[in-house]
Number of protein chains: 2
Amino acid sequence: MKGKATSFDIAHYAGVSQSTVSRALRNSPLVNEETRRRVHEIAKKLNYKVDKNASNLRTQQSSTLALLLFEDPTEDESQINPFFLSMLGSITRACAKEGYDLLVSFQSTSSDWHADYEDSHRADGLILLGYGDYIDYQSKLQTLLDNHTKFVCWGATVDNRPDLTVSCDNYGGGVLAAKHLIDMVRTDCAFIGDASDHSPEFFARFKGFRDTLKAKGIEVSDRKMANAISTEDSGYHATRSLIANNVKFNALFAASDLIAIGAIKALQEAGVRVPHDVHVVGFDNIAAAGYVSPSLTTVQQNTTLAGQMLVDNLLTLIRGEAVASTLLPPKLIVRQSSR
Amino acid sequence: MKGKATSFDIAHYAGVSQSTVSRALRNSPLVNEETRRRVHEIAKKLNYKVDKNASNLRTQQSSTLALLLFEDPTEDESQINPFFLSMLGSITRACAKEGYDLLVSFQSTSSDWHADYEDSHRADGLILLGYGDYIDYQSKLQTLLDNHTKFVCWGATVDNRPDLTVSCDNYGGGVLAAKHLIDMVRTDCAFIGDASDHSPEFFARFKGFRDTLKAKGIEVSDRKMANAISTEDSGYHATRSLIANNVKFNALFAASDLIAIGAIKALQEAGVRVPHDVHVVGFDNIAAAGYVSPSLTTVQQNTTLAGQMLVDNLLTLIRGEAVASTLLPPKLIVRQSSR
DNA sequence: ATACAGTCTGACACCGGTGTCATAATGTCG
DNA sequence: CGACATTATGACACCGGTGTCAGACTGTAT
């Protein structure tokens, strides 16, 4: 036997038509039980596998989802945000559970991304994953909508955007962080992240945090805020700049764990003790949050559930049914950095 | 325009045949420059994308590679070995660079994995990634070979196995670790990992380590060795069992960073100071190695290069050219845990 | 004018399945 | 026995491209 076996080969050996083979292999109730058995047997013997291209071409669907991961182009090549990697893991598992394959692709937000996976029938739908720079591809999301491409986004639900999203309740997470620090009587708070609507997720975390403190009559002054993207490095430098400006605070809320880890490093280098002098709270609960010293108090995002919801919602959308954007509850994980 | 545009639609608008459209879009030198331009223009206007299924079906190749990630089934669902995630990142990038798509799939070593990606023409080749349990799927690799499936494995090159592998020089890495500890005058060494050929990679690391010490007249006694799989938990418990057995040592070589992180935790809990009482050296250089306290001395595997080599070798194999298995040089990263 | 090479294009088979329709074989019932 | 439903199957068009081949058209040498 040279080359792969086709359904015609099976038909030949089974003494039936190719149509019948096709039906038998898909366990159509139309075929005789005995024929079905024989066909399956021969298929197994020939190590036959349905040609996905032919099948997909005919049925006009691919049983495949595509995951597009957007990263800040400044990011170091080899390091990928561990939070997204964790999401990737859960999305992969969720896909497998639903019988779908997953195409993975990294996109640089700076470059033109041609989300042609669906147009070219390589995938039935897209999952878009990434922090920040939403504004940049706002117009591209519109293109996707115009083309009736099926897709779900991870991240903040932005008003006036009709796309389907799954996200953590970032505002609620900020509330949790603030409440915790209030409980610890650490209300002279700094914030590191991006308190603009450039990065809607970080902004929502900040708003929840700020509003909760405000309700207690406490303001987070602009001086105590520094911008950072979600990298250790960025958190480190942002914190150093606060220290250099002689800003005082006894608690620090970082918009992500990586930022928090960089912040702790900067604080420690400056002789500031964590948690004794400054309590630190992060966001995400990446694996490293448990490893750092002191271990990091953080707001956990349930990536397993998130991946499952992204896939479920997308599949529902693909089936043409109605779905609403989903908000997942965050959870506070208290560790050494805040006690 | 309902549904996606096809090459026939373009042909109609351009006033040429569908054949010409197909050629024009692929920039065949056979078509007139003016025609080519017009076709491209219309294609763009119609948002046309070549149907990959049709194209793949005809050309019998998919421009797609599949990554199969094998994990210990005991592993916690949501946590994936960060080393492999890092590999995944670099493989994805390498694929993108070569113009290939990447299908990602997690496999449980315990379950039957039907590596039918290539048979079903979903992928042109496979990349197999995973620690340990190689013995379990040895026979399945043979099946792949029998079917002439193109694939590369990450991991130890095992004698008598004719498959193509890319791996870190694990033996050399073990040598680096031993030499470093000898330099630090810490030769009363323990080893945690798997010193059987059940896990060829861990075993090679151990051999390099042991042989180097032996050359100095130092034996690593069986008492000072404990088995562990590559998880923090497993490293933690293995180390605790050493401590419980009252085993003494002033240095510890762990077969992976996760094991080392668990080991440090167990040591610290037992009141053993790292690095003062015990120097610890890990393997992999995952991101967390830099975060833990004390930060972890480790043998780095260059994942960027590894991913690139896996993809390059696989593509060479697919082209039908000869390739040899590749061994990548490890590099010692000295941090606080050993000084 | 004829022959011939070079350029460009269209017709058509083909990849390997899936879905539809027609039909043969068998069973059932009045 | 004829009408009709049920079951099982084969023939065939079709999905949307790609590769091959034949041929039209132009320009140039004979």
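Around DNA strand D sit 26 residues, and the closest are Thr20(A), Ser7(B), Gln18(B), Ser22(B) and Arg58(B). Keep in mind as you look around that this is a predicted model.

**Where protein meets DNA**

What kinds of residues make up the surface near DNA strand D? They divide into eight nonpolar, twelve polar and six charged. On the DNA side, 59% of the atoms of strand D within 4 Å of the protein belong to sugar or phosphate, and the rest belong to bases.

Three side chains of chain B are worth finding in the viewer. The table lists each with its partner atom on DNA strand D.

| Side chain | Partner on DNA strand D | Distance |
|---|---|---|
| Ser22(B) | phosphate oxygen | 2.3 Å |
| Arg26(B) | phosphate oxygen | 2.7 Å |
| Arg23(B) | base oxygen | 3.2 Å |

Which elements give two or more residues to this surface? They are H2 and helix H4 (52–59) of chain A, together with helix H2 (18–25) and helix H4 (52–59) of chain B.

**A helix pair in chain A**

Let us follow H2 of chain A a little further. Helix H2 (residues 18–25) packs against helix H3 (residues 33–45) of chain A at an angle of about 90 degrees, and their axes are 9 Å apart. Angles of 65 to 115 degrees count as roughly perpendicular, so H2(A) and H3(A) are roughly perpendicular to each other.

From H2(A), the residues Thr20(A), Val21(A), Ala24(A) and Leu25(A) meet Thr35(A), Arg36(A), Val39(A), His40(A) and Ala43(A) of H3(A). Sorted by class, this contact has five nonpolar, three polar and one charged residues. You have already met Thr20(A), which is also among the closest residues to DNA strand D.

**Two matching chains**

How can chain B be laid on chain A? A turn of 180 degrees and a shift of 0.1 Å along the axis do it, with an RMSD of 0.1 Å. The two copies are thus related as by a two-fold rotation axis. Of the interface residues of chain B, 100% are also interface residues in chain A, so the copies meet through the same surface.

**Details in the loops**

Now for some backbone details. In chain B, the peptide bond from Val274(B) to Pro275(B) is cis, with omega near 10 degrees. Pro275(B) is in the loop between helix H10 (257–269) and strand E9 (279–284). The peptide bond from Ser293(B) to Pro294(B) is also cis, with omega near -5 degrees, and Pro294(B) is in the loop between helix H11 (288–291) and strand E10 (297–300).

In chain A, look for Asn246(A) in the loop between helix H9 (232–244) and strand E8 (251–254). Asn246(A) is a residue other than glycine with a positive phi, near 65 degrees.

Terms used:
Residues numbered from 1 in each chain as written. Chains lettered and ligands numbered in written order. Predicted model: local features only at pLDDT ≥ 70, side-chain atom pairs only at ≥ 80, totals over all residues. Heavy atoms only, no water. Axes fitted to C-alpha atoms, helices over the stretch in contact; angles between N-to-C directions. Helix = DSSP H or I, 4+ residues; strand = E, 2+ residues; numbered from the N terminus. Parallel < 35°, antiparallel > 145°, perpendicular 65-115°, else oblique. Contact = heavy atoms within 4.5 Å. Nonpolar A, V, L, I, M, F, W, Y, C, P; charged D, E, K, R; others polar. Near = heavy atom within 4 Å. Polar contact = N/O pair within 3.5 Å; in protein donor to acceptor, adjacent residues only side chain to side chain. Least-squares fit on C-alpha atoms with pLDDT ≥ 70 in both.
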